[in-house]
Amino acid sequence: MKIQKTTIKIASLMFAAIFFLASYNTEAQNKKKKKKKDETETPVKPEEKTKEKTIEELVKSSKEIDGLFKIYQDTITGTLQMVVSENQIGKEYIHFTQVADGVLDAGRFRGAYGDSKVFKIEKYFNKIEFITQNSSFYFDPESPLSKSKSANVSEGNMASLKIEAQDKEKGLYLIKVDDLFLKETFSQIKNPSYPGQSPTDFKLGNLDKDKTKINSIKNYEENTDLSVEYVYSTPSVLNGGSDAVSDGRNVSIKVFHSLIAMPDNDYEIRLDDPRVGYFLTQVDDQTSTSSTPYRDLVHRWNLKKKNPELALSEPVEPITWWIENSTPLEWRETIKDAVLQWNVAFEKAGFENAMAVKIQPDNADWDAGDIRYNVLRWTSSPQPPFGGYGPSFVNPKTGQILGADIMLEYVHFTNRVLYDKVYELATLEEPFEASDFKKNDVAYCSLGHQIHQDVMFASAVASASGASDLEMERVKRESMIALIMHEVGHTLGLNHNMKASQLYSPEQLADAEFIKGKCLTASVMDYATLNITRDRSKQGQYDDVAVGPYDIWAIQFGYTPFKTGKEKDDLLNKSTNPELIFGNDADDMRSPGKAIDPRIMTGDQSNDQITYSIDRIELSNDLMKNAKDKFTKSGESYQELRRVYYLLSGQKAGAANVISRFIGGVYVDRAMAGQEGETQPYTPVSLEDQKRAMSALSKYVFAPDAFDAPNNLYNYLAMQRRGYNFRTPEDPKIHEQVLTYQINVLRHILHYNTLQRITDSELYGNKYTLSSFMTDLNNAIFKTDIYSNVNSFRQNLQLEYTNMLIDMLTGKQSDRYTNNAKSMALYNLKNIRSMAASSGNISSKAHKQHLRTLIDNAIKEIK
Ligand SMILES: [Zn+2]
């Protein structure tokens, strides 16, 4: 019995249940009767008994849905059968999956792309097998080694299904395929539980075979698409999930499966180069003796010139984008303009009108999830996992992009603070990881979240300075263009370029005329912070309105139909041009202790990030002074003021993280040996810049007054009451919040990787030695007040820092610290011990006594 996908009222549900039971009972009785009847019958002759049913007989009560794989759906039970033809056996196909709808609680959201993989259909006696193929290795077909290419590589047998009937003449086999689609056969839908997961976390139940169903089947010549609703059930739940989960015991995740014919075209693979940032399919050449036996396939569209002889030609088939009909009308033109910006880059690669934009008609007969359409989609989710997300899927054998979508979240334009915690913790790390659905999914993009915060900040700055509505609209429009260009860039194959913000100086960015109409960085693929000037008279463009020089160059590399290898090499050899600077997520320093080049950072801007970040902190401080007056509206609650307070603090914390990355930093140059303009792969940050970073941290992060806000502001940081449903206790946790910002910085500069690198790089040019850095840090945290009164922020900081030093010596991770770092930690602890004599007011005396006790006890533990 198939329950239709409609809202079922309780009455009809009960009716359905009764009907189900009744029909089940009748069926069971019929079976019993039938069995009895069979037993009493005279035995049939052997040839009659083995007479096989024909395909026609088995599908006679089914609806035929013809396409790549012919599917029959039973009109009464909904069960599926599929025809596999002789010429499909031994052939390779692509399977691709994406989430049609999910819930964030289960880590699944609309539009999330899964992996695409190659599978082969094989026949084994009376079975049809579906076998995942491995495309990670290459063997030169000329090499005898290629004969052993299957050695020690596991293929994946996903399903082995009995042939129910066959048509020998036509070479057709009929198989039942419910197990193929209604189970997690092609791909894992439910997240596995991981070690350390809290028992109180939201969990999906087990896949419920009876409730899982096919919602639609669409069959085309090149692809067979099924929309499946997986239902996970459990009788009881401890945690019922968020408001988005209607019933935690029964959760649906809707998934599109596409079986796609292997493209048979003249697509030319393009191998990756480390100097440009493309998504790639990693392939190892097993017959090569090189130390870099890489044949990594760049992901790109199959763009062909209509007139190959022309320097500039239209493509045979442009990359066409559809604006989903759910897109707000007022934004459609802006979105279209943003997509078409990429045509500027394609022109340099020899293509005219490579990108085209159309609008999905309101009465379109296709769904945005249809893989044949590239759609710019628009949603307003309960917990937006991103502001924008631009996934694509490829033929794993070649890297050819076969389809893409862009998901945009309406939250981008709102002042909805969905992640209160984001401001309080300000870790710059993604609030949500989508990557578990798609392994190594670097296409997942949290730029939208950052832009959202920046847009709110820019709006706050503009509004505090009495900007016009037009100006406020400009902030939104420019950030929207930047976000769309960025997400479109992903769908063209480009990954991030977190180094691109090195393009202009702070002075150039504060020159409205100079930056007009430009990309503010070398690439729209960066996560640069919005350009906001402290001197409001100098405010120019807030965000990118054109693609950058790196973007053009990268598209040239990916799409130019090169006639010779030299032509391509000449282009790549331009990588040392400062405009073409590149470094992506793998190299970026957003998480404490990760990576080494401070220029490859998120939330930064300009070729002088320290100056720019200090300016951002001072701008936030300026706003904090008058926040209460500027952001309190008569007749409204103080929720807005609270939001702005966290917003300003968050901007300061983000800027502090940017500055901290210079300590122990090492610049990376990925130019090839002998390339014109090459410097050397590793160059430590200059002593001057490291010192400059240290003194900025000292002043803006650690100083006794670093996080001062007008005291009476705290009295007003109130939430608006909403039923019983607001955080309690509701009072602002000011000290905890400030300490979190400080710890975020300390976590990086005292990270074992950073300290190890400082010592190592002393051998190759680093002049800011471990001993001088750690002495400076100790002084920054103690010197100004340890001999007198210590305020409550500083007590918190000093205690936390002391504990971090102790942890370096005796903590769980002490093994990871070098001996040099441990010695300095002990040296500093002893210094603190001698500085922290009993003096000052009672609170300060108590604090210092606490420090002395901690240090004394720790020293006893050191072996
Ligand atoms: Zn991105």
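Arg616 counts as buried, because its relative accessibility is 4%, and the cut-off for buried is under 20%. Keep in mind as you look around that this is a predicted model. Two places are worth a visit here: the surroundings of Arg616, which is found in helix α14, and strand β12, which pairs with β10, with β11 and with β13.

**Arg616 and its surroundings**

- To find Arg616, go to helix α14, which covers residues 609-630.
- What does the side chain of Arg616 reach at 2.7 Å? The backbone oxygen of Leu530 is the atom to look for.
- Leu530 is also on the list of residues in contact with Arg616 once neighbours within four places in sequence are left aside. That list also holds Phe457, Thr529, Ile532, Gln651 and Ala655.
- Try comparing sequence and space with Thr533: this residue and Arg616 are 83 residues apart in sequence, yet their C-alpha atoms are 8.2 Å apart in space.

**Strand β12 and its partners**

- Start with β11 (residues 213-219) and β12 (residues 223-233), two antiparallel strands joined by six bridges.
- How many residues does the hairpin use to join β11 to β12? The hairpin passes through three residues.
- Two pairs let you follow the β11 and β12 match residue by residue: Ile214 stands opposite Val228 of β12, and Lys213 has Glu229 of β12 as its bridge partner.
- Strand β10 (residues 206-207) also pairs with β12, in the antiparallel sense and over two bridges. Here you can spot Leu207, whose bridge partner in β12 is Tyr232.
- Strand β13 (residues 250-261) runs antiparallel to β12, and eleven bridges join the two. One pair to look for is Ser233 with its bridge partner Asn250 in β13.

**How enclosed β12 is**

- Why is β12 described as largely enclosed by the rest of the structure? Eleven of its eleven residues are buried, so the strand is largely enclosed.
- Both faces of β12 are covered. One side holds Asn223, Asp225, Ser227, Glu229, Val231 and Ser233, all buried.
- On the other side of β12 you will find Thr224, Leu226, Val228, Tyr230 and Tyr232, and these are buried as well.
- Some of these buried residues are ones you have already met as partners, including Val228, opposite Ile214, and Tyr232, paired with Leu207.

Terms used
Residues are numbered from 1 along each chain as its sequence is written. This is a predicted model: local features need pLDDT of at least 70, side-chain atom pairs count only at pLDDT 80 or more; totals for chains, interfaces and linings use all residues. Side-chain values use heavy atoms; hydrogens and water are left out. Helices (H or I, at least four residues) and strands (E, at least two) are DSSP runs, numbered from the N terminus. Buried means under 20% relative accessible area, exposed over 50%, partly exposed in between (1.4 Å probe, protein chains only). Contact means heavy atoms within 4.5 Å. A polar contact is a pair of N or O atoms within 3.5 Å; within protein, one must be able to donate a hydrogen and the other to accept it, and residues adjacent in sequence count only if both atoms are side-chain atoms. Two strands pair if DSSP finds at least two bridges between them.
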